[in-house]
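Good morning, colleagues. Please look at the sequence and the model as they appear on the screen, and I shall then take you through several regions in turn.

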Amino acid sequence: MLSRFSTRAMAMPAFAAGTQARALNVHEYSAKRILNDFGVKTEYGIMCESIADVEAAVAKIKSTKKVVKSQILAGGRGKGTFVDGFKGGVHVCANAEDAIATAKKMLGNTLVTKQTGAKGAKVEKLFITEAIPGIKRELYVALVLDRNTASPMFIASQEGGMGIEELAHSNPEKIKKLQVNVHNGVDEAAAIKFAEELGFQDAKAEAVAETLKNLYNCAKSKDCTMVEINPMVELEDGTVLCIDAKLSFDDNAAFRQPDVWKEEDLSSKDKKEVAADAAGLGAYIALDGNVGCMVNGAGLAMATMDVISKYGGTPANFLDVGGSAKTDQIVKAFEIITADPHVKCIFVNIFGGIMKCDVIAAGVIEAVQHMGDKLQVPIVVRLKGTNEKEGKDLLNASGLRVYAADDIDVAAKKAVELTGQTTA
Ligand code: GDP
Ligand code: MN
């Protein structure tokens with residue numbers, strides 16, 4: 001059977017991506033371990049979670065210089081700055097002592113990079129690696145699923161390293177492409193020619209072609225939606241190594257890639273998202289606003305967020321309870337939404353199709369009763385569709401502080417009003 005990787009075209013590399021795909025990303029140390037299993041060469045390193053780990057690691061790493069690398073799920077670490085002003089999330093340190101001192105500055109600190117946003121990402125793990133001497137040049141190599149050709153494609157540039165985003169804009173012609181036919185895999189001759197375009201000759205071109213094949217095999221076997229090596233380095237002695245690696249995996253492949261999913265860093269995920277996953281609640285995405293939303297269907301979820309914004313409010317989350325939520329799941333959804341102290345009102349916006357309005361109403365009532373005093377915020381419910389009348393009757397008869405509305409505008413306006421925010 002073809003993997004998803006071979007049959008679906010999507011994902012763009014980080015520097016070209018305009019949309020946000022829901023994909024699993026793993027830390028660099030995990031990515032490198034997975035790549036090693038497919039014969040891709042990386043430098044030796046040890047993942048550390050404490051200074052004691054770092055002390056043990058530097059003793060095991062043979063090179064005098066050591067590289068201390070912050071493990072966060074975002075790129076641009078080298079040029080990043082910690083919130084306390086300490087510069088650089090990746091340091092090449094002169095010796096073991098220097099590496100330990102640097103690790104102390106990074107561990108527990110928060111790193112802000114071009115990709116993290118202003119909030120930054122907390123560094124809870126470090127990857128301590130041997131320093132690679134004699135780097136001649138740094139290349140950019142990525143394997144993506146290209147929409148236009150609906151096939152996997154390598155994109156690469158001789159000018160890799162830390163400025164690839166700028167290069168994509170200023171000199172797009174310097175980015176080379178190699179399309180892969182999924183039925184045949186990576187073609188040897190085409191891969192060698194591609195390596196030559198990147199400035200490799202003879203045995204070196206063959207070695208690079210071999211690396212490309214290994215990267216492709218890894219992506220296909222592991223259901224990657226993207227592999228990004230930046231930089232792939234050529235050393236003075238001709239060796240080619242991948243010294244940074246980012247792997248993204250197709251979320252729909254979680255069931256058949258348990259080894260990969262074990263590497264997921266849940267600490268960097270929103271706690272409420274983790275709880276929603278565990279409760280089997282469709283899609284839950286935490287946002288920054290104060291109107292908690294419970295909606296069925298992704299389209300209605302987006303429309304609900306829009307209409308909240310229209311009335312001057314901001315959604316606290318995106319929650320699609322799907323077409324078959326049971327009462328206990330609705331209770332769970334309420335618990336998750338109200339666990340966010342910013343939530344000042346809950347807006348339940350349901351279109352009853354397969355999911356009947358009276359079931360939702362009963363679920364809302366039970367959830368409100370179940371939560372008792374824990375539920376401090378008002379609820380606005382808009383029900384439309386199958387068994388609408390029965391649903392509203394149930395809500396009205398409940399005597400609870402639940403506002404029922406027919407119209408999406410009226411309901412959204414009410415919800416925003418109840419948060420205490422003023423409408424623009
Ligand atoms: P990023 O900034 O998040 O992409 O982190 P990278 O892992 O790519 O590291 C940033 C930069 O540090 C690389 O582009 C290299 O120039 C440099 N670097 C990383 N490891 C080594 C190493 O072992 N030796 C040397 N000399 N430079 C390194
Ligand atoms: Mn990099």
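I begin with Glu43, which sits in the loop between H2 and strand E2 (45-48). Please bear in mind that this is a predicted model. Is Glu43 buried or exposed? Its relative accessibility is 6%, and the cut-off for a buried residue is under 20%, so Glu43 counts as buried. What does the side chain of Glu43 contact? It makes a polar contact of 2.9 Å with the side chain of Lys32.

Lys32 takes us to helix H2, which spans residues 28-37. This helix is mostly covered, with seven of its 10 residues buried. Lys32 is one of the buried residues, and the others are Glu28, Tyr29, Ser30, Ala31, Ile34 and Leu35. Just after H2 comes Gly39, with a positive phi of about 85°.

I turn now to the ligand. Ligand 1 is surrounded by 18 residues, and the closest are Lys69, Arg77, Gly78, Ile132 and Glu138. By character, the shell around ligand 1 consists of nine nonpolar, four polar and five charged residues. Which strands each supply at least two residues of this shell? They are strand E3 (66-70), strand E5 (90-93), strand E9 (135-146) and strand E12 (224-235).

Several atom pairs deserve attention here. In the side chain of Lys69, an N or O atom is 2.7 Å from an oxygen atom of ligand 1. For Arg77, a side-chain N or O atom is likewise 2.7 Å from an oxygen atom of the ligand. Gly76 takes part through its backbone, where an N or O atom lies 3.3 Å from an oxygen atom of ligand 1. Taken alone, ligand 1 exposes 570 Å², and the protein buries 86% of that.

Let me stay with two of the strands that contribute to the shell. Strand E9 contains Tyr140. With a relative accessibility of 1%, Tyr140 counts as buried. The side chain of Tyr140 is joined to that of Glu228 by a polar contact of 2.6 Å. Tyr140 and Ile175 are 35 residues apart along the chain, and their C-alpha atoms are separated by 8.9 Å. In strand E12 we find Pro231. The peptide bond between Asn230 and Pro231 is cis, with omega at about 10°.

After E9, the loop leading to strand E10 (151-157) holds Ala150. Ala150 is not a glycine, yet it has a positive phi of about 50°. Is Ala150 buried or exposed? Its relative accessibility is 54%, so Ala150 counts as exposed.

The next topic is strand pairing. Strands of a sheet pair through backbone hydrogen bonds, either parallel or antiparallel. Both arrangements occur in what follows.

For the antiparallel case, consider an open sheet of three strands in the order E4-E6-E7. Its edge strands are E4 (81-82) and E7 (121-122), each of which pairs on one side only. Strand E6, residues 110-112, is joined to E7 by two bridges. Within that pair, Leu111 stands opposite Ala121.

For the parallel case, consider strand E18, residues 345-352, which is mostly covered: seven of its eight residues are buried. Strand E16, residues 291-295, pairs with E18 in the parallel sense over five bridges. Here Gly292 stands opposite Ile346. E18 also pairs in parallel with E19, over seven bridges. In that pairing, the bridge partner of Ile346 is Ile379. How does the chain cross from E18 to E19, and what is the hand of the crossover? It passes through helix H12 (residues 357-371), and this β-α-β crossover is right-handed.

The next step along the chain involves E19, residues 379-385, and strand E20, residues 402-405, which pair in the parallel sense over four bridges. Val380 has Tyr403 of E20 as its bridge partner. From E19 the chain reaches E20 through helix H13 (residues 388-398), in a β-α-β crossover that is right-handed.

My final residue is Asn387, in the loop between E19 and H13. Although Asn387 is not a glycine, its phi is positive, at about 60°. Its relative accessibility is 26%, so Asn387 counts as partly exposed.

That concludes the presentation, and I thank you for your attention.

Conventions
Residues numbered from 1 in each chain as written. Chains lettered and ligands numbered in written order. Predicted model: local features only at pLDDT ≥ 70, side-chain atom pairs only at ≥ 80, totals over all residues. Heavy atoms only, no water. Near = heavy atom within 4 Å. Polar contact = N/O pair within 3.5 Å; in protein donor to acceptor, adjacent residues only side chain to side chain. Areas by Shrake-Rupley, 256 points an atom, 1.4 Å probe, with all protein chains shown as cover. Nonpolar A, V, L, I, M, F, W, Y, C, P; charged D, E, K, R; others polar. Buried < 20%, exposed > 50% of the residue type's maximum accessible area, 1.4 Å probe, protein only. Pairing = 2+ DSSP bridges. Right-handed = clockwise from strand over helix to strand, strands pointing away.
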